[in-house]
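Work through the exercises below with the structure open beside you. Try each task before reading its solution.

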Amino acid sequence: MTKYECLLFDVDDTLYSHSYGFSNKCSKNIEEYMIQKLGIEESEVSEFNRVLYKNYGTSMAGLKAVGYDFDNDDYHSFVHGRLPYENLKPDPVLRNLLLSLPIRKVIFSNADEIHVAKVLRKLGLEDCFDGIVNFESLNPTNKTSNNFDGGYLVRSGSRTAINLDATNGCSSLLPKSPIVCKPFEDAFEQAFKIANINPHKTLFFDDSTRNIECGKSIGLHTVLVGTSRRTKGADYALENIHNIREAFPELWDADEISKNIKCSENVAIETPVTA
C-alpha cells in the first residue's frame, strides 16, 4: 500500500516562484479596487487591506464580511485580469515531474477559474492535473451582495475600519463572511468533498504558512513551498517545487509497487495447485 493517494497543490507562489512578483502586484490591484470602486480613502487602504487579509484569509472575504457590496466577477477581473501573465513562462521541468507522477493530482486555490486557467496555461501545466478546486467550486451559490447587520464596522466620515478592539481579540466575534476560502476549515472540508479526497492519504503543497497550519490540523500531510525552513504545521519544506522528486522519491515508487502487486497477482493466478 502506498502512503499517499492524492497530491493537493496550491497555485500562486507554489507552482511558480514568488520572485515573479504576482503577490505584490495583486495586493496593489486590490488596494486600487478599494479606492476606485469602493470609495475607501487612499491614506487608509493599505492598513485596512492588511487587517482584512489577516482576519479573513482573503481581502475579498473581508470586504464582503464588513458590508461592501460588489460583483465577484468584476472584482476578480480587476484584481487578477491586470496581472503580468506575460512574465510567466512554460516550465517543462515541472511539467515532466507532474506527468511522471503516478498519483492523482488536484489543484486547490482561492483564485477564480479564469486566473487559475491562465496561470496553468502559461506554465504549460494545463493538462497535468486530474481536478481543480477554485473560488467558484468553493462558492457555487455565493451571491454578489450580502446583508450586513452592523457588526463591528466603524465608519467615521470617509474613514472605514474594523474596530478590532470591540472583539476583544476574539476572531469568532468578527462579522462572518459569505465567502468560503483558505485558510479556514470549511474550505478544506468542502475541497475534500468536491474532489473526493482523504486528507490522511494526501500530501498538500502550499506557500502560505496559515494554509499549511490549518491543513495539518485537519489531517493533511503538509509541504511548505518557497522556503527550506519548516514552520508550525509543516511536515516538510521545499525551497522550490522543482525539488519534489529529491524530497519525495517514494511518490514515484508507487508505480513500481503497483506493478509488483499486479505481477504477483498474475503469478498467483497462473501457478497451478497440485494436491
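**Exercise 1. Find the strands that pair with β1 in this predicted model, and name a residue pair for each.**

Solution.
- Step 1. Start with strand β6, residues 202-206. It is joined to β1 by 4 bridges, and the two strands run parallel.
- Step 2. Pick a pair of residues. Cys-6 stands opposite Thr-202 in β6.
- Step 3. Turn to strand β2, residues 104-108. This strand also runs parallel to β1, with 4 bridges between them.
- Step 4. Pick a pair again. Leu-7 has Lys-105 of β2 as its bridge partner.

**Exercise 2. Decide whether the faces of β1 are covered or open.**

Solution.
- Step 1. Locate β1 at residues 6-9.
- Step 2. Take one side, with Cys-6 and Leu-8. Both residues are buried.
- Step 3. Take the other side, with Leu-7 and Phe-9. These residues are buried too.
- Step 4. Conclude: β1 is covered on both faces.

**Exercise 3. Write down the strand order of the sheet and explain what its edges look like.**

Solution.
- Step 1. List the 6 strands in order: β3-β2-β1-β6-β7-β8. The sheet is open, and its pairing is parallel.
- Step 2. Look at the edges. They are formed by β3 (131-133) and β8 (236-238). Each has a single partner strand, so one side of each lacks a neighbour in the sheet.
- Step 3. Check the twist. On average, neighbouring strands are turned by 25° against each other, direction ignored.

**Exercise 4. Place helices α8 and α9 against the strands.**

Solution.
- Step 1. Find α8 at residues 185-195. This helix lies across β1, β2, β3 and β6. Its angle to β2 is about 140°.
- Step 2. Find α9 at residues 209-217. This helix lies across β6 and β7 (221-225). Its angle to β7 is about 175°.

**Exercise 5. Describe the nonpolar cores and follow the contacts of Leu-63.**

Solution.
- Step 1. Recall a general tendency. Nonpolar side chains tend to be buried together in soluble globular proteins.
- Step 2. Take the largest nonpolar core, with 58 residues. Phe-9, Leu-15, Leu-63, Phe-205, Ile-244 and Leu-251 have the most contacts inside it.
- Step 3. Ask which element gives the largest share of this core. Helix α1 (residues 22-36) does, with 5 residues.
- Step 4. Follow Leu-63. Leaving out residues up to four places away in sequence, Leu-63 touches Met-34, Leu-38, Ile-40, Phe-48, Leu-52, Tyr-68, Phe-70 and Tyr-75.
- Step 5. Look for another core. One of 20 residues lies apart from the largest. It includes Leu-8, Phe-108, Val-180 and Phe-188.

**Exercise 6. Classify Leu-98 as buried or exposed, and list its contacts.**

Solution.
- Step 1. Locate Leu-98 in helix α5, residues 92-100.
- Step 2. Apply the cut-off: buried means under 20% relative accessible area. Leu-98 has 1% relative accessibility, so it is buried.
- Step 3. List the contacts beyond four places in sequence. They are Phe-9, Lys-105, Leu-125, Cys-128 and Phe-129.
- Step 4. Take Cys-128 from that list. Leu-98 and Cys-128 are 30 residues apart in sequence, yet 6.1 Å apart in space, C-alpha to C-alpha.

**Exercise 7. Examine the backbone at Asp-13, Asn-196 and Pro-183.**

Solution.
- Step 1. Recall the usual case. Most residues other than glycine have a negative phi, and most peptide bonds are trans.
- Step 2. Inspect Asp-13, in the loop between β1 and α1. Its phi is positive, about 65°. At a relative accessible area of 9%, Asp-13 is buried.
- Step 3. Inspect Asn-196, in the loop between α8 and β6. Its phi is also positive, near 55°. Exposed means over 50%. Asn-196 has 66% relative accessibility, so it counts as exposed.
- Step 4. Inspect Pro-183, in the loop between β5 (159-162) and α8. The peptide bond from Lys-182 to Pro-183 is cis, with omega near 15°.

**Exercise 8. Judge the confidence of the prediction along the chain.**

Solution.
- Step 1. Begin with the whole chain. Its mean pLDDT is 86, and 80% of residues reach 70 or more.
- Step 2. Mark residues 144-161, where pLDDT is below 50. This stretch has 41 contacts in the model beyond near neighbours in sequence.
- Step 3. Mark residues 164-169, where pLDDT is also below 50. Here the count of such contacts is 8.

Notes. Residues are numbered from 1 along each chain as its sequence is written. Side-chain values use heavy atoms; hydrogens and water are left out. Buried means under 20% relative accessible area, exposed over 50%, partly exposed in between (1.4 Å probe, protein chains only). Two strands pair if DSSP finds at least two bridges between them. Axes are lines fitted to C-alpha atoms, for helices over the stretch in contact, and angles run from 0 to 180 degrees between N-to-C directions. Contact means heavy atoms within 4.5 Å. pLDDT is the predictor's confidence in each residue, from 0 to 100. A nonpolar core is a set of buried Ala, Val, Leu, Ile, Met, Phe, Trp, Tyr and Cys residues joined through side-chain atoms within 4.5 Å.
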